[in-house]
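This briefing is intended for a reader who has the coordinates open alongside the text. It groups selected features by topic.

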Amino acid sequence: TAAKVRDTLDFTRALEVFNNSYRGASAFAIAKGFASIGAEDNSVVIFAELMDAKSLFLTANADTIYFLSVLNLTKGPLVVEQPPGSLGTFNDLWFSFVIDGGFPGPDRGAGGKYLLLPPGYDGPLPDGGYFVARSKTTRVLYAFRAFVPNNDPRPAVENIRKNLKIYPYVPCSFGTSIGTALEGKVPLRPNPPVPETKFIDASGKAFNTIAPNDYSFYELLNELVQQEPATSYDIELSGQMAAIGIVKGKPFNPDARMKKILSDAAAVGNAAGRM
């Protein structure tokens, strides 16, 4: 009886983790899917000729221009120069909201400069000129779309390629006034050159951005937990993951009994999500 109770509790905890952490596994799977087609951090995946069923996404459609990226904040804040006429959002790697952009965001569709701050950043900030947002994770999912007037994607694609820029933020350059520098707290720095944006055209490419629905789901989740700060997800989820052996800074080595339970929980979690 005690063994059955332990198995039941472990299964229940594993199912809770699958359901409550799917958002993080999903975001991480998207990042891995982009990397699989050569879209490293800060490059942009664009569907210049729209999307089709060759690329596996959970909620995408085939009548809009998607342009997406994984922003890497491990070396410091990043600037994203948002093109006009777009619609989308910035989410952290647990799929938690960071800031909207485009029509629903503060630029209201006119375009503008977004400044993404990494966890724990306490360096200088500009006086103005940016829409500033802070992420709880070291990577940020940038997911946007542009509309296709008159069924011609070319003008939207040209606008994106021309105006979308992603580059490191240089403190005390653009956005910092001479008056602020004269206070003696920060130096003035020149505006850095803006590097060319790397675009990866994903139209017609076969790749997967969907998290696995078997035991490997938990391996993927553990990889995410090890990569990102322990403060990037809520403490209740942290406890649920710890109960099945996923703990920041510790190896994830379930035995044969636990692997069987995790596999069963992933199957039920997958069925619950589909239902």
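The points below treat strands, helices and individual residues in turn.

The model is predicted. An open sheet of four strands, ordered β8-β7-β4-β10, has mixed pairing. Helices α1 and α4 pack with their axes 9 Å apart, and both belong to what covers the buried residues of α6.

**The four-stranded open sheet**

- The strand order is β8-β7-β4-β10, and the pairing is mixed.
- The edges are formed by β8 (131-134) and β10 (165-168); each has a single partner strand, so one side of each is left without a neighbour in the sheet.
- On average, and with direction ignored, neighbouring strands of this sheet are turned by 20° against each other.
- Five bridges join β4 (residues 78-82) to β7 (residues 112-117) in the antiparallel sense.
- L78 has L116 in β7 as its bridge partner.

**K165 on an edge strand**

- K165 is located in β10, one of the two strands at the edges of the open sheet.
- The relative accessible area of K165 is 21%, and the residue is therefore partly exposed, given that the range for this class begins at 20%.
- Beyond its neighbours within four places in sequence, K165 contacts V79, V80, E81, V194, P195 and T197.
- K165 and R13 lie 152 residues apart along the chain, and their C-alpha atoms are separated by 43 Å.

**Strand β9 and its partners**

- Six of the eight residues of β9 (residues 139-146) are buried, which leaves the strand mostly covered.
- Eight bridges connect β3 (residues 65-72) with β9 in the antiparallel sense.
- β5 (residues 86-92) also runs antiparallel to β9, and seven bridges join the two.
- A143 in β9 is the bridge partner of L68, and T89 likewise stands opposite A143.

**Packing of α1 against α4**

- The axes of α1 (residues 2-36) and α4 (residues 216-227) make an angle of about 70° and are 9 Å apart.
- The two helices are therefore roughly perpendicular to each other, because angles of 65 to 115 degrees fall in that class.
- On the α1 side the contact is made by A14, L15, V17, F18, S21, Y22, G24, A25, F28, A29 and K32.
- On the α4 side it is made by F217, Y218, L220, L221, E223, L224 and Q227.
- The contact residues comprise 13 nonpolar, three polar and two charged.

**Helix α6**

- How far apart are the end C-alpha atoms of α6 (residues 256-274)? They are 27 Å apart, which agrees with the span of 27 Å expected for the 19 residues at 1.5 Å a residue.
- M258, I261, L262, A265, A266, G269 and N270 are the buried residues of α6.
- An α-helix has 3.6 residues a turn, so residues three or four places apart point the same way.
- The cover over the buried residues of α6 includes α1 and α4.

**Loop residues with positive phi**

- N42 is not a glycine, yet has a positive phi of about 75°.
- N42 belongs to the loop between α1 and β1 (44-46), and is partly exposed at a relative accessible area of 26%.
- R108, also not a glycine, has a positive phi of about 55°.
- R108 is placed in the loop between β6 (97-102) and β7.
- Is R108 buried or exposed? With 63% relative accessibility, R108 counts as exposed, the threshold being over 50%.

Terms used: Residues numbered from 1 in each chain as written. Predicted model: local features only at pLDDT ≥ 70, side-chain atom pairs only at ≥ 80, totals over all residues. Heavy atoms only, no water. Pairing = 2+ DSSP bridges. Axes fitted to C-alpha atoms, helices over the stretch in contact; angles between N-to-C directions. Buried < 20%, exposed > 50% of the residue type's maximum accessible area, 1.4 Å probe, protein only. Contact = heavy atoms within 4.5 Å. Parallel < 35°, antiparallel > 145°, perpendicular 65-115°, else oblique. Nonpolar A, V, L, I, M, F, W, Y, C, P; charged D, E, K, R; others polar. Expected span 1.5 Å × (residues − 1).
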